[in-house]
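Me: I'd like to get better at reading aromatic contacts in a model. Could you walk me through this one?

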Amino acid sequence: VPAGDGTKTSRTTTMESSYVKRSDSKYGNSTFVQTKSSYSSSSKKMGSIFDREDESASRQSSLAALERRQAEKKKELMKAQSLPKTSASQARKAMMEKLQKEGGSSNAVASSQTTVQRSSSFGVPNANSIKQMLLDWCRAKTRGYEHVDIQNFSSSWSDGMAFCALVHNFFPDAFDYSKLTPQNRRQNFEVAFSSAEKHADCPQLLDVEDMVRMREPDWKCVYTYIQEFYRCLVQKGLVKTKKS
């Protein structure tokens with residue numbers, strides 16, 4: 001039942017009555033006894049509609065707070081997941097910069113030289129320092145040979161004279177160096193590669209026809225061949241290293 005203050009009241013009314021018939025077979029008479037239950041009434045206040053609105057507002061406030069906490073956690077999770085990606089992209093960027101430096105970028109010559117000096121001072125040579133040491137070794141072993149001026153692993157080897165001088169330094173009886181000329185490139189390559197294979201067991205990794213066709217050979221190919229020749233000399237005991 002609506003009340004004036006906005007509340008609702010429910011009422012329950014219960015009436016019970018019972019009639020019990022008793023019979024007495026001995027005396028042959030019967031009586032009727034009426035029993036009436038008491039009247040009961042109860043009322044219960046259901047609560048104000050304003051009270052219910054307050055409870056609803058409280059639940060909405062709690063729900064909003066929960067949603068805010070979940071949004072903050074989601075934001076933190078997304079931030080945490082983005083950190084490894086950032087680190088990975090930085091690592092890739094550093095690797096690309098390193099490859100560009102190793103590729104001979106003119107802007108990275110000074111920094112590359114600084115890296116070589118730093119790593120060599122700590123006794124841990126990197127790829128660039130090893131390449132430079134091998135170039136210095138070739139220059140030292142061919143010093144005094146005519147028509148040879150080793151400045152790199154490409155154009156300095158284009159006529160085959162540097163190969164012949166390097167092989168002749170270790171195997172002077174293999175061929176007569178004085179009879180070779182820069183103009184006869186094919187003969188120079190054939191003499192150098194075959195002599196290295198025969199006396200140092202160095203496989204002919206370079207093809208004579210390819211070397212003749214290219215005016216300036218690929219420095220990586222020449223560098224690889226010289227590395228192999230050096231390794232074979234070490235195995236034969238013709239070159240002493242710190243380990244040996």
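Me: How many aromatic pairs does the count come to here?

Reply: This is a predicted model, so keep that in mind as we go. The count comes to 13 aromatic pairs. Take Phe 189 and Phe 193: their ring centres are 5.9 Å apart and the planes sit at 20 degrees. Planes under 30 degrees apart count as stacked, so this pair is stacked.

Me: And where do Phe 189 and Phe 193 sit in the fold?

Reply: Both are in helix H5, which covers residues 185-200. They're four residues apart there, so about one helical turn separates them.

Me: Are those two rings buried or exposed?

Reply: The idea is to look at relative accessible area, where under 20% means buried. Phe 189 comes out at 0%, so call it buried. Phe 193 is buried too, at 0% relative accessibility.

Me: Which residues form the aromatic cluster?

Reply: Phe 153, Trp 157, Phe 163, Phe 189, Phe 193, Trp 219, Tyr 223 and Tyr 225 form one cluster.

Me: What lies over the face of Trp 219?

Reply: That's Lys 131, at 3.7 Å from the ring centre. For a charge to sit over a ring, the distance has to be within 6 Å, with an angle condition as well.

Me: Switching to cysteines, how many disulfides does a search of the whole structure find?

Reply: Zero. You can still read the surroundings of individual cysteines: Cys 164 is buried at 0% relative accessibility, whereas Cys 221 is partly exposed, with a relative accessible area of 36%.

Methods: Residues numbered from 1 in each chain as written. Predicted model: local features only at pLDDT ≥ 70, side-chain atom pairs only at ≥ 80, totals over all residues. Heavy atoms only, no water. Phe/Tyr/Trp six-rings, centres within 6.5 Å; stacked < 30°, edge-to-face > 60°. Helix = DSSP H or I, 4+ residues; strand = E, 2+ residues; numbered from the N terminus. Buried < 20%, exposed > 50% of the residue type's maximum accessible area, 1.4 Å probe, protein only. Lys NZ or Arg CZ within 6 Å of the ring centre and 35° of its normal. Disulfide = S-S within 2.5 Å.
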